[in-house]
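Hi everyone, thanks for making time for this one. Please have the sequence and the 3D view open while I talk, and stop me whenever you like.

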Amino acid sequence: MSDATPAAAAAPAVAAAAPAAAEAAAAADQCASAGCGQAAKQSCPTCIQLGITPVARFCSQECFKGAWKEHNIAVHKPVKERLNFVPPPFDYTGDLRPAWVSPRRTVPAHIQKPDYAANGQPQGENQHSIHINSAAEIKGIRAASRLGRQALDLAHAHIRPGITTDEIDRIVHDFIISKDAYPSPLNYRFFPKSCCTSVNEVICHGIPDARPLQDGDIVNVDVTVYYKGYHGDLNETFCVGNVDEKSKELIKTTHDALMAAVAAVQPGVQFRDFGEIITKAVGKSGFSVVRSYCGHGIGSVFHTSPSIPHYARNKAVGACKPGMVFSIEPMINMGTWKDKTWTFDDWTSVTADGKRSAQFEHTVLVTEKGCEVLTARTKDSPPLWWEKKSTEAAAPAATEPAPAAAQ
């Protein structure tokens, strides 16, 4: 998730699945009234009217009436809000429009949480000195980064036309809390979701919502995990179905620019040099490097020093030293580098001209001779679009089956 430098389609008619308890009751065809357990005999007419699946069923009219208030608030209300959502008036730069945002997801009480989890206000982010991490701290950041990689790979595996970014958020959230970890974006400066999903012209900080991904979209998923006191941060941009060649070029150019910068990390390299490397890697593509957001130090604090600008001729001060941990996360636009924020949510940053944007991010540790990419892809990571193409090209050609033996 980047630090700041100082839908086109309506929501589908079918609602999200009912709460887990109701799902379990429906699967067993038991009464949905809490604690009843009797065989269900009648269906909730409002669930049927709203297209909710599974439909809540009850054993009797008495149970239905007794459970109505809780059932209506928990199940019907969010569906009605979703179906009645209208994007706010705004001078949108592209075709994308916001959709309904589901309520904030919960985190079990036993999971260790960052200081902002309750009140939205992070502490200790205004440090000017750059922290040199101990071996124990590096171990903690490494563990958080590995969980982040697993969560992002899981999200990637579910990217397809028709899935909503809210569902991607649920998948990421559920995986992270299953590992007794906390999704770092959740309530960070009041961000309402557990990951960022930035579609098409969204540069960064897109809020997951009820808009289904469409064939031809591109989407960045930005995941940060807080585990046992440390954060690990990464993101990648994915193709949704059949994507045009220019957008695929944008995605690969952004990835290659990140990896060129990562390859240069070693003691003594100036922080300002990464912007030169990234700008050179973007080269003659005609694409532009976003200037409003930068990489950042990370560890026990989500965003801290140093700042890592991604554009050339920046004024970043300082140089890499062993034990430093920071993110590099260039955002590359198809058109102008300038951005605009959706002021109605105070988070979503879009390109000023409505053209597409892509981003990739790694958390890196400066070592004695180079760096360790703490969020590196693994052999189990789903292939990016050009990796998939290479794999398909390398596969042996199918052969005609041998004729059956004569009988």
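Let's start at the hairpin that takes strand 10 into strand 11 by way of 6 residues. Keep in mind that this is a predicted model. Strand 10 covers residues 293-297, and 5 of its 5 residues are buried. Its pairing with strand 11, residues 304-308, is antiparallel and runs over 3 bridges. If you'd like one pair to click on, take Gly297, whose bridge partner in strand 11 is Thr304.

Now compare another hairpin, the one formed by strand 7 and strand 8. How many residues sit between these two strands? There are 2, and Lys228 in the turn has a positive phi of about 50°. Strand 7 and strand 8 are antiparallel too, with 10 bridges between them. Val223 has Leu234 of strand 8 as its bridge partner. Strand 8 is mostly covered, with 9 of its 10 residues buried.

That brings me to the nonpolar core. In general, nonpolar side chains of soluble globular proteins tend to be buried together. Here the largest nonpolar core has 59 residues, and the members touching the most others are Val221, Val223, Phe274, Phe326 and Ile328. Several elements supply two or more residues to this core, among them helix 4 (135-157), helix 5 (165-178), strand 7 (218-227), strand 8 (230-239), helix 6 (245-263) and helix 7 (273-282). Strand 12 (325-328) and strand 17 (362-366) are also on that list. A separate core of 22 residues lies apart from it, and includes Ala117, Ile207, Leu365 and Leu374.

Let me zoom in on Ile328. Leaving out residues up to four places away in sequence, Ile328 touches a set that includes Leu258, Ala261, Val262 and Val265, then Phe274 and Ile278. Also among its contacts are Ile308, His310, Phe360, Glu361 and His362.

Next, the helix pair. Helix 6 and helix 7 have axes that come within 8 Å and cross at roughly 145°, and the crossing is right-handed. Which residues make the contact? From helix 6 we have Thr253, Ala257, Ala260 and Ala261, and from helix 7 Phe274, Ile277, Ile278, Ala281 and Val282. By type, that contact of helix 6 with helix 7 has 8 nonpolar residues, 1 polar and no charged.

Helix 6 also lies across strand 13 and strand 16, and runs at about 35° to strand 16. Those two strands belong to an open antiparallel sheet of 3 strands, ordered 9-13-16. Strand 9 (288-289) and strand 16 (357-359) are its edge strands, each pairing on one side only. Strand 9 is joined to strand 13, residues 331-333, by 2 bridges in the antiparallel sense. There, Val289 has Ile332 as its bridge partner in strand 13.

Last stop: another open sheet, with 3 strands in the order 6-15-14 and antiparallel pairing. Why do strand 6 (202-204) and strand 14 (339-341) each have a side without a neighbour in the sheet? They stand at the edges with a single partner strand each, so one side of each is left unpaired within the sheet. Neighbouring strands of this 6-15-14 sheet are turned by 40° against each other on average, ignoring direction. Strand 6 and strand 15 (residues 349-351) run antiparallel, joined by 2 bridges, and Val202 stands opposite Val350 in strand 15.

That's my tour, and I'm happy to take questions.

Methods
Residues numbered from 1 in each chain as written. Predicted model: local features only at pLDDT ≥ 70, side-chain atom pairs only at ≥ 80, totals over all residues. Heavy atoms only, no water. Core = buried A, V, L, I, M, F, W, Y, C linked by side-chain atoms within 4.5 Å. Buried < 20%, exposed > 50% of the residue type's maximum accessible area, 1.4 Å probe, protein only. Helix = DSSP H or I, 4+ residues; strand = E, 2+ residues; numbered from the N terminus. Contact = heavy atoms within 4.5 Å. Pairing = 2+ DSSP bridges. Axes fitted to C-alpha atoms, helices over the stretch in contact; angles between N-to-C directions. Left-handed = near helix turned anticlockwise from the far one by under 90°. Nonpolar A, V, L, I, M, F, W, Y, C, P; charged D, E, K, R; others polar.
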